Amino acid sequence: MIQKTTYPAATDEEAIAANQCMKFDCIMMSAICEAGLETLSGKDAFIYLINHEAPADVPVGTFHTADVPYWLGGTLTLRAQYETDDDRAMNETMKTYFENFITNGDPNGEGLAQWDKYDGSYRYFFIGDNTYEVVEIPQDRGDFWAGYINTRKSSAND
């Protein structure tokens, strides 16, 4: 059960923020738990979250697969006219991570922010507007979601 101290909320505004935080943690912890399963077979896993609005003529936000063109070194042709210098820089950086991963099984390389492989912690690599950094979900929140996810998986396998 979630403790009141895990996602504290004394006001309506804090409750809304706590709810958003819970949703986000649940999504990231699902990826982290899957990475843990992947490493059981002896493979390395690298977890990331991208938070960069895709270039477009109207705001489209960040959505599933919006990052794919960046890994491949360019935006979609339909969006090219809306690209900014930040988009082009992100293209180059993410393409380099991808090329390193394909070549070496490790995305890291000279001049890039360190992207650690999954090590059992609640850390992931955050890719934002001109930001590449390791972020960690606090232990109490990560423990709650890891327990919840693992319980759900166990009951699904019964």
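Student: Among contacts in the chain between residues at least 6 apart in sequence, what percentage join residues at least 24 apart?

Tutor: Please keep in mind from the start that this is a predicted model, and that the chain discussed here has 158 residues. If we take the contacts between residues at least 6 apart in sequence, and ask which of them join residues at least 24 apart, the share is 50%.

Student: In what order do the helices and strands of the chain run from the N terminus on?

Tutor: The chain has 4 helices and 3 strands, and its C-alpha atoms fill a box of roughly 50 × 45 × 30 Å along the principal axes. Read from the N terminus on, the order of these elements is α-β-α-α-β-β-α.

Student: Which element of the chain has the highest mean pLDDT?

Tutor: Over the whole chain the average pLDDT is 88, and 92% of the residues score at least 70. Confidence matters to a reader, because where pLDDT is low, the predicted coordinates should not be read in detail. Among the elements, the lowest mean, 83, belongs to H4, while the highest, 95, belongs to residues 131-136, that is, to strand S3.

Student: Which helix gives the most residues to the largest nonpolar core?

Tutor: The largest nonpolar core has 17 residues, and those with the most contacts inside it include Met28, Met29, Tyr122 and Ile137. Two or more residues come from each of helix H1 (12-40), strand S2 (123-128) and helix H4 (139-157). The element that gives the most to this core, with 6 residues, is H1.

Student: Which residues is Tyr124 in contact with, leaving aside its neighbours within four places in sequence?

Tutor: Tyr124 is one of the residues with the most contacts inside the largest nonpolar core. Once its neighbours within four places in sequence are left aside, the residues in contact with Tyr124 are Phe24, Met28, Ile47, Leu49, Glu133, Val134, Val135 and Ile137.

Student: How many residues does the other core have?

Tutor: Apart from the core just described lies another, which includes Ile50, Met90, Leu112 and Trp115. The number of residues in this other core is 11.

Student: Is Leu72 buried or exposed?

Tutor: Leu72 lies in the loop between helix H2 (68-71) and H3, and together with Val68, Phe98, Phe101 and Ile102 it makes a nonpolar surface patch of about 460 Å². The helix that gives the most to this patch is H3, with 3 residues. Because the relative accessible area of Leu72 is 59%, and the class begins over 50%, Leu72 is exposed.

Student: Is Asp25, the salt-bridge partner of Arg141, buried or exposed?

Tutor: Arg141 and Asp25 form a salt bridge in which the closest N and O atoms are 2.5 Å apart. The pair links distant parts of the chain, with Arg141 in helix H4 and Asp25 in helix H1, 116 residues apart. Arg141 counts as buried because its relative accessibility is 18%, which falls under 20%. The relative accessible area of Asp25 is 0%, so Asp25 is likewise buried.

Student: How many residues apart are Lys117 and Asp44?

Tutor: The side chains of Lys117 and Asp44 meet in a salt bridge of 3.5 Å, N to O. Lys117 lies in the loop between H3 and S2, whereas Asp44 lies in the loop between H1 and strand S1 (48-51), and the distance between them in sequence is 73 residues.

Student: Which residues do shared salt-bridge partners join into one network with Arg88?

Tutor: Arg88 forms a salt bridge with Glu83, their closest N and O atoms being 3.5 Å apart. Arg88 is partly exposed, with a relative accessible area of 38%, whereas Glu83, at 17% relative accessibility, counts as buried. Salt bridges that share partners place Arg88 in one network with Glu83 and Asp85.

Student: Which residues does Asn100 touch, not counting those up to four places away in sequence?

Tutor: Asn100 has its place in helix H3, and because its relative accessible area of 17% is under 20%, Asn100 is buried. Not counting residues up to four places away in sequence, those that Asn100 touches are Gly105, Asp106, Pro107, Asn108, Gly109 and Leu112.

Note on methods
Residues numbered from 1 in each chain as written. Predicted model: local features only at pLDDT ≥ 70, side-chain atom pairs only at ≥ 80, totals over all residues. Heavy atoms only, no water. Core = buried A, V, L, I, M, F, W, Y, C linked by side-chain atoms within 4.5 Å. Buried < 20%, exposed > 50% of the residue type's maximum accessible area, 1.4 Å probe, protein only. Contact = heavy atoms within 4.5 Å. Patch = residues over 30% accessible without salt bridge, like charges linked within 9 Å, V, L, I, M, F, W, Y side chains within 5 Å. Areas by Shrake-Rupley, 256 points an atom, 1.4 Å probe, with all protein chains shown as cover. Salt bridge = Lys/Arg side-chain N within 4 Å of Asp/Glu carboxyl O. pLDDT = per-residue confidence, 0-100.
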